[in-house]
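Biologist: I'm new to this one, so could you walk me through it and tell me how you know what you say?

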Amino acid sequence: AWAVALASVSCVTARAPNWQGCVDSAARSLPYCDTSLELEARLDDLMSRLTLEEKVNQLFPQLDLGDECMTVTRGKKEIGLPPWMWLTETNTVASSACTEENSCATTFVGPMGMGASFNRTSWRLKGSVIGTELRALTNIGAARVSGVSGMLVALSAFGPNINIARDPRFGRNSELPGEDPLMSGTYAYEMVSGMQERDAHGYPKVAAFLKHFTAYSTETNRGHDTYDISAHDLFDTYLPQYELGVRAGPFGVMCSYNGINGQPSCASGWLLNDILRAWAPHAIVVTSDCGVVGLLTGPPVNAPDDTHAAAYALMNGTDLEMGFDTFKNLPNAIQQGLATEARLDEAVRRLFRMHFLVGRFDPLGSSEWTALGREAINSSRHQQVSYEAALQSLVLLKNDRALPLVAGRRIAVLGPQAVTRFGLLSNYAVDHICVNGSYSCIHTVAEAIEAVNIGGSTVVQKGVDVGGNVTAGEQPALDAAAGARRRGAGARHRQYVEHEALDRTDTALPGLQEAFALSVLALNKPVVLVLTNGGALAIDALVNRSGSAPYAIIEAFNPATSGARALAASLFGKENRWGKLPITMYPHSFIHEKAMTDYDMSSGVGRTYRYYKGAPLFPFGSGLSLTTFSMSCVQVSRTTSQRFECTVRNLGALDGDEVVLVYHVAANIGAVDHPVPQRSLIDFARVSCRAGAVASVGFDVELEQMKLVNGAVAEHCTQAPTDWSSAEAMATRLALTSQSSPPRPSSLEPSLCY
């Protein structure tokens, strides 16, 4: 309905969008601006009008034009070709300054919370909102960064970031949707599809880029680090989400800082050409992460100079350098025979092809998206989409008679997260959230609870800081807790504990937070513990409490601008839309059992729910509800697939959402020479069900979904049963989680094979 409504708008913007080409009469007379010509002819003409040096200038940031990481490439005024600013972040928001009309782009909950929803529709809507707003911001001339001249948003949109949440210590976990390849790849597919929605003429809203290709999950020594990763783990864990995401047709990917088996991602012809470009029949662009190409003069490559570094990156598949100007040495590399002009032309042509396809060189009004204006930025509809996503991002891990809360009571909201605004945000959600660069538009958790606790008394105490050892606020907070009927304790890591360029060394709550939480629990009053974090927290001592007082635990990840209101509504039972854990919550011992730099998924204690052999605090897929669900399934045999028809019943008194997860468990496959996952997610669905009602959901399971990755270095490196009746075939299990118990994948076992 939204796309139809846009199509009915007949006006066009009065000004040219940011970085628009072919706007002056001289340029419009040139063949590359002639829309009657085929795309290849227009590309040929534009390329013919650039010298070698001018072509090279399209491939690296011109430091006199703007921030090096945002990467402004040089135009050519004589032919009406303006510069272009490449890096607009879109992982959580269309990163931009608020407009003059005090309209700020819609911010979503952190990607880990988005992953927890297991909701394809929500993921696509997020992409659609971000794509709409980025196109609108570009149309009205919005700035990328407030107060920085010339830094304007552009249609090259970097996000989603779909690296696997491999280790809870990784500093950028808050940017990721989860630990499962299928879920992460599906998230990317849906989000990119929403971002790149096409109008009636075929123009996409924006050009989406996936990040960071691939196996990037360590910040320490980044850019000079390399990890031993087996072919099995590459094709089983580190590549599948990108292969699935590429099916949505993103215009590009950003290669990562790390190396794989001695080869930096941005200088690996095998990774970028043999693997990535085999997936993508379209001309997919590869950009480096900020500064990566310049780092090739150090380990593990140790290029002898910048000329060699530039050649290594270009000739192995990187098209655009971000962050450094190492590519300015490409003319020398070509002269020395280290690189070729043909490869240079290929890279430049890929970049310009993207520009043509988004309509940069077409007349204003050619695309229906040019009608988008200020009214599309943070609209009431977009705010509702963000709020719905926030409701589904919360995970109820434990509920021993503590929820729902009853309004009109005395409630104490304690902890450092009770009063923070900035601390609710994930990485890459902080460019310009509220007017004038403040965070005033974000409700604190305490404010949101107080607004719902009508007729009651809400007492707020910070208690302790996120980190540090200051105890001055602890006793007043405990006194407030002692006099309250209910307590909400908020604990988390803030962005100074985990962020880009900083991994955690410990997964326990920092500072005095755990001791403070234990002191609150010792009062033997009803308590709700709310966790907000990027990487999972080791809360071993807080999972259970002594005594008989009610207790609940909620994982809220990075709730952002809408999350506090969603949390308050969920606490009081006004909403019942909970999600499921998209990660494993490990015990504290995990950090001593598995080195951060060990990228082997199955060795030792293992990693993620697919290979972890220990006892998690809460496993992947955990999540309860304020109501109770049951499920029954009927298996329907087909020639090429198996169909499961499932009925979900809401047995409780509250309307609610439930998430059904479908796992594949390899059984009776005999001896193999490679790791076998304990189970693998192969499908999922979210259903809404009114109190006392029934909802139906179906799953079609194909043989392809049951494939295993073998240990050979092969093109696809997979093996699968040849037919449903194979004696050595595999079983698939359906799992449903509900209020009454933690997830039990083996609770329902309709076999596909016996």
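Modeller: Happy to. Two strands count as paired if DSSP finds at least two bridges between them. Keep in mind that this is a predicted model.

Biologist: What makes strand 15 and strand 16 a pair?

Modeller: Five bridges join strand 15 (residues 527-532) to strand 16, and the definition asks for at least two, so they pair. The two run parallel, with V528 standing opposite A552 in strand 16.

Biologist: How do you know that strand 11 pairs with strand 16?

Modeller: Again, there are five bridges, this time in the antiparallel sense, between strand 11 (residues 395-400) and strand 16. K398 stands opposite I553 there.

Biologist: Why is strand 16 called largely enclosed?

Modeller: Because five of the five residues of strand 16 (residues 551-555) are buried. Both faces are covered: Y551, I553 and E555 on one side, A552 and I554 on the other.

Biologist: What makes C22 and C33 a disulfide?

Modeller: Their sulfurs are 1.9 Å apart, and the cut-off is within 2.5 Å, so the pair qualifies. The link is left-handed, with -80° about the S-S bond.

Biologist: Why is C22 called buried, and C69 partly exposed?

Modeller: C22 has 7% relative accessibility, so it counts as buried, since buried means under 20%. C69 comes out at 24%, which lies between the 20% and 50% cut-offs, so it is partly exposed.

Biologist: How do you know that C689 is in no disulfide?

Modeller: The nearest cysteine sulfur, that of C646, is 13 Å away. A disulfide needs the sulfurs within 2.5 Å, so that pair doesn't qualify.

Conventions
Residues are numbered from 1 along each chain as its sequence is written. This is a predicted model: local features need pLDDT of at least 70, side-chain atom pairs count only at pLDDT 80 or more; totals for chains, interfaces and linings use all residues. Side-chain values use heavy atoms; hydrogens and water are left out. Buried means under 20% relative accessible area, exposed over 50%, partly exposed in between (1.4 Å probe, protein chains only). Helices (H or I, at least four residues) and strands (E, at least two) are DSSP runs, numbered from the N terminus.
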